[in-house]
Amino acid sequence: MLRDNNVGNYAIVSPVRNEQENIGLTLDSVVSQTVLPRQWIIVDDGSTDQTATIVSEYARTFPWIRLVHRKDHGKTFGVAQGQVIKAFYEGFRYVNLNALGFVCKLDGDLVLGPDYFEQLLNRAANDAKLGIISGVTYYMYGGRRILESTPGHHTLGAASLYRTACFQEIGGLVTSLGWDTLDGIRAQMRGWKTRSYPELQILHLRPMSSSGDWDKGRISNGRTDYLLGYHPLFELARCIFRMFHPPYFKGGLLMLFGYIRAAMRGDEQVVTAEERRFLQRQQLRRLIWKLENPFGRML
C-alpha cells in the first residue's frame, strides 16, 4: 500500500509513442521509487503497438498513474515538429502545478535507479536556487557501458526535474529543436542553477538521437546547435569530442555537417540575440577551462 510519507511533492509527465519494448521497464523503475510522485500523466501520442495497453494495466494498479490519449500525428512525433512538447502539454493540463514543488518530463525509454527522485529532491531541498536538475544517462554498446555526454551545467531533457517557480519563470518548455538547452539558458539568465549529477546514472534503452537513423540524428544535433546559437569554436570542439563516441568518427563529422549546412542555409535561430550572447560567453569560458583541465568534467 502507498503511504503518504512515500509521496513526494512532484508530478511526472511522459509523452510516449510506440514504446512497448521499453515502457514496462520505465514503469517498473518509477513505481519502485523510494519517493513516489503525486501524479504520473502518460500521454500516448497515437501509438500503433501495445504501449497504451501496458500503461493501462499499470494505471489499474497504481491510481496515481493516468493515461491520456492524444490524436495520432503520423510520422511527425518528434522534436523537429514540436510534437513531443505538444504531447507533454496535453498531459500537463491535468497537473495542478500550483500545488506542487516540482514537475518532471520523463521519456518512456529509461530505467531509473530506485532513489533517483529522492536524491534529486534532497539536493533541491539543500539549495533553493537549483531550478532544473537531473542525472546522466548511459547506454549499452557492444557489451560496454557508455555514458552519454552531459556537462555539469546541462540537464537531461529525458529526465529533468523542474522547480515549479523556475518552470513558471522561464515560461515552460518551447516547441522547437533544442528546447532542453534553451530552458537551461533561460533559467541561468534569471539566476537559477541548472545541474546534472554524474552519480545518478540512468539506463537509456535507446541512445540519444538514435531513433530511426543514427546518422540523421547526428546531423540533426548539429543543426540544433546552430539554431541555439552555439559558438563555432565550441561547436568544432564538440564535434571532435563526438568522434570518440558511437558512431565513431563519422558521428562528429555529421554533426559538423549539420551545423555548417544550417548556417549556410540561414536557418532561423530559436534564441534571441541576448540569449545567444549569454550562451556563447559561457561556452568560451568552458572551452578555456577544458583546455586547462583536459581530464575534468565540463562544468
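This is a short selection-by-selection tour of the chain you have open, which is a predicted model.

**Start with everything shown**

Load the whole chain as a cartoon and colour it by secondary structure: you should find ten helices and nine strands. The radius of gyration is 19 Å, close to the 19 Å that the globule rule gives for 299 residues, so the chain is as compact as a globular protein of that length. Turn it along its principal axes and the C-alpha trace spans about 55 × 40 × 40 Å.

Now switch on the surface. Its accessible area comes to about 13,900 Å², and carbon and sulfur atoms own 54% of that. Of the 299 residues, 53% are buried. If you like contact maps, here is one number to keep: among contacts with a separation of 6 or more, 79% are between residues 24 or more positions apart.

**Select 23–31: helix α1**

Hide the surface and pick α1. Seven of its nine residues are buried, so this helix is largely enclosed by the rest of the structure. Show I23, G24, T26, L27, S29, V30 and V31 as sticks to see the buried ones. What lies over them? The cover includes strands β1 (10–16), β2 (39–45), β3 (65–70), β4 (102–106) and β5 (110–111), along with helix α2 (51–61).

**Select D45 and R70**

Stay with two of those strands. D45 sits in β2 and R70 in β3, 25 residues apart, so to speak a link between distant parts of the chain. Their side chains meet in a salt bridge, 2.9 Å from N to O. Is this pair buried or exposed? D45 counts as buried because its relative accessibility is 0%, and R70 is buried too, at 13%.

**Select E90**

Next, jump to helix α3 (residues 83–92), where you will find E90. E90 is partly exposed, with a relative accessible area of 23%. Expand the selection by contact and, leaving out residues up to four places away in sequence, you pick up V43, V68 and R70. Here R70 turns up again, this time as a neighbour of E90. For a distance label, try E90 to I41: they are 49 residues apart in sequence, yet 9.4 Å apart from C-alpha to C-alpha.

**Select R123, E199, D127 and K193**

Time for more charge pairs. Side chains of opposite charge can pair when their charged atoms come close. The structure holds twelve salt bridges, and two of them make a good next stop.

- R123 and E199 meet at 2.7 Å, N to O. The pair links helix α4 (residues 116–126), home of R123, to strand β9 (residues 193–204), home of E199, across 76 residues. R123 counts as buried at 19% relative accessibility, whereas E199 is partly exposed at 48%.
- K193 and D127 have their closest N and O atoms 2.8 Å apart. K193 is in β9, while D127 is in the loop between α4 and β6 (130–141), 66 residues away. K193 is partly exposed, with 42% relative accessibility.

Before leaving the charges, add E19, D109 and R206 to the view: salt bridges that share partners join them into one network.

**Select T181**

Helix α6 (residues 179–189) holds T181. Its relative accessible area is 13%, and T181 is buried. Show its contacts beyond four places in sequence and three residues light up: H154, L228 and Y230.

**Select 232–242: helix α8**

Move on to α8 and show F234, E235, C239 and R242, the buried residues of this helix. They cover an arc of only 135° around the axis, which puts them on the same side of α8. Looking down the helix axis is a handy view for this one.

**Finish on the surface: Y141, Y248, F249 and L253**

Where does the chain go after α8? A loop containing F249 lies between α8 (232–242) and α9 (250–265). Turn the surface back on and colour Y141, Y248, F249 and L253: together they make a nonpolar patch of about 390 Å².

Definitions and conventions. Residues are numbered from 1 along each chain as its sequence is written. This is a predicted model: local features need pLDDT of at least 70, side-chain atom pairs count only at pLDDT 80 or more; totals for chains, interfaces and linings use all residues. Side-chain values use heavy atoms; hydrogens and water are left out. Patches are made of residues with over 30% relative accessible area and no salt bridge: like charges are joined within 9 Å, nonpolar side chains (Val, Leu, Ile, Met, Phe, Trp, Tyr) within 5 Å. Accessible areas come from the Shrake-Rupley method with a 1.4 Å probe; for residues, only the protein chains shown count as cover. A salt bridge is a side-chain nitrogen of Lys or Arg within 4 Å of a carboxyl oxygen of Asp or Glu. Helices (H or I, at least four residues) and strands (E, at least two) are DSSP runs, numbered from the N terminus. Buried means under 20% relative accessible area, exposed over 50%, partly exposed in between (1.4 Å probe, protein chains only). The arc is that of the directions from the helix axis to the C-beta atoms. The radius of gyration is taken over C-alpha atoms; the globule rule is 2.2 Å times the number of residues to the power 0.38. Contact means heavy atoms within 4.5 Å.
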